[in-house]
Amino acid sequence: MKIGCKLFMVALTAPLLIGILNFKAEAQVIKQWGQNGDIPVPGDYDKDLKTDIAVWRPSNGAWYVINSFTGQVVIRQWGAKDDIPVPGDYDNDGQTDFAVWRPSNSIWFVINSSTGQVSTKQLGQNGDMPVPGDYDNDGKTDIAVWRPSNGTWFVINSSTGQLSTKQWGQNGDIPVPGNYNNPLKTDFAVWRPSNGNWYVINSSTTANSSIVEQNTTQLGQNGDIPVPGDYNNDRRTDFAVWQPSNGTWYVINNLASQRVNSLTSQGINSLANQIFNSLTGQVNTKQWGSAGDTPVPGNYDSPARSNFAVWRPSNGTWYILGN
Ligand SMILES: [Ca+2]
Ligand SMILES: [Ca+2]
Ligand SMILES: [Ca+2]
Ligand SMILES: [Ca+2]
């Protein structure tokens, strides 16, 4: 009788606990910010490690940012119509810098947040796609473009100022640089809509750059939008796509077999979770957003884990799903 009673209590409390967890997981932020024609430019403009809601307006070249820490609004004019916004941390002070790339003359215009100084550099040509990232692992975002016509990456390494090039990908691919292998170093990576394959060159974790490891994973199909991010908090970018037709996110938590070492420094619970998620290699799905939205994943509510988030151009509204 006592045992039966206990079982009953377990049966009763387990769903309640799951219910509470689900409720927490379903916390969401809906915020009107921006208008049709704007380009979302989420980033950490106030240096609190959380992503800030932000848009760039081509018509007047203004950046409209809501600082996540104080809720204060920052408006800054930088750039002009036909520029492409390329926010990043070009001076490695932990704060996202206002930056644009001008296709007509290939000039990068960056305001370094640490000094307020403007730096300009020429890289690329009309038709290139800007792909800023930290390819040389010095903490500073590097100016970089990917050229669709020949699948070539052009990077100015911030540590040396030298230009490096790498052929990776082909016309029709979408560049998806990220930290797939090393949390501190951006890897060359493309996603191919025709077959849904992700092609990544894993940057070496050691100084020996002769080790070139490639990784090919299939996820997504033609029409999907690649949305790489760190969805499982292991500091590595995970393969992910968002399907506009059904507003669904598909995520493969990145393989972690070689990552157990780095994970052991973290809490045992999160370690167990991450290894479970990563080793299964399963595809996690979540419906969030609808056709016409722009996916804007970011670390809006915690520094460690990407949120599913979309921005809706028709009403200028951000829909962010809490972790
Ligand atoms: Ca922030
Ligand atoms: Ca900065
Ligand atoms: Ca760099
Ligand atoms: Ca990850």
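In this predicted model, residues 24 or more positions apart account for 30% of the contacts in the protein chain with a separation of 6 or more. The secondary structure of the chain comes to three helices and 26 strands, and 36% of its 323 residues count as buried.

**The sheet that joins β1 to the last strands**

One open sheet consists of four strands in the order β1-β26-β25-β24, with antiparallel pairing. Its edges are formed by β1 (28-32) and β24 (294-295), each of which pairs on one side only. Within this sheet, strand β25 (residues 309-312) and strand β26 (residues 317-321) run antiparallel and are joined by four bridges. A309 stands opposite I320 in β26. Leaving aside residues up to four places away in sequence, A309 touches V296, P297, G298, Y300, W318, Y319, I320 and L321. The largest nonpolar core has 50 residues, and A309 belongs to the group that touches the most other members, together with A54, A99, A144, A189 and A240.

**A second open sheet**

Another open sheet of four strands follows the order β10-β11-β12-β13, and its pairing is antiparallel. Because β10 (129-130) and β13 (163-167) stand at the edges with a single partner strand each, one side of each is left without a neighbour in the sheet. Strand β12 (residues 152-156) is joined to β13 by five bridges, and the two run antiparallel; in β13, T165 is the bridge partner of F154. Strands of a sheet pair through backbone hydrogen bonds, either parallel or antiparallel.

**From a covered strand to a bare one**

V110, which lies in strand β8 (residues 107-111), is buried because 24 other C-beta atoms lie within 10 Å, where 20 or more are needed. Beyond residues up to four places away in sequence, V110 touches Y90, D97, A99, V118 and S119. The C-alpha atoms of V110 and A99 are 4.3 Å apart in space, although the two residues are 11 residues apart in sequence. A99 is itself one of the residues that touch the most other members of the largest nonpolar core.

Strand β19 (residues 213-218) is hardly covered, since the count of buried residues among its six residues is zero. Strand β18 (residues 197-202) nevertheless pairs with β19 in the antiparallel sense over six bridges, and V200 has N215 in β19 as its bridge partner. The loop between β17 (189-192) and β18 holds N195, which is exposed because 11 other C-beta atoms lie within 10 Å and the limit for an exposed residue is 12 or fewer. The C-alpha atoms of N195 and N222 are separated by 7.4 Å, with their positions 27 residues apart along the chain.

**β21 and its two partners**

β21 (239-243) is mostly covered, as four of its five residues are buried. Two bridges join β20 to β21, which run antiparallel, and W242 in β21 is the bridge partner of I225. β21 also pairs with strand β22 (residues 248-252) in the antiparallel sense, here over five bridges. W242 stands opposite W249 in β22, and W242 is also the residue bridged to I225. The hairpin of β21 and β22 has four residues between the strands, and in this hairpin G247 takes a positive phi near 60 degrees.

**Positive phi outside glycine**

Most residues other than glycine have a negative phi, and most peptide bonds are trans. L49 and R235 are set out below with their phi values and their places in loops.

| Residue | Phi | Loop | C-beta neighbours within 10 Å |
|---|---|---|---|
| L49 | near 75 degrees | between β2 (39-40) and β3 (53-57) | 13 |
| R235 | near 70 degrees | between β20 (225-226) and β21 (239-243) | 16 |

L49 counts as partly exposed because its 13 C-beta neighbours inside 10 Å fall between the limit of 12 or fewer for exposed and that of 20 or more for buried. R235 is likewise partly exposed, with 16 other C-beta atoms within 10 Å. The loop that holds R235 leads from β20 to β21, and these two strands are the ones joined by two bridges.

Conventions
Residues are numbered from 1 along each chain as its sequence is written. Chains are lettered from A and ligands numbered from 1 in the order in which they are written. This is a predicted model: local features need pLDDT of at least 70, side-chain atom pairs count only at pLDDT 80 or more; totals for chains, interfaces and linings use all residues. Two strands pair if DSSP finds at least two bridges between them. A nonpolar core is a set of buried Ala, Val, Leu, Ile, Met, Phe, Trp, Tyr and Cys residues joined through C-beta atoms within 7 Å. Two residues are in contact if their C-beta atoms, placed from the backbone, lie within 7 Å.
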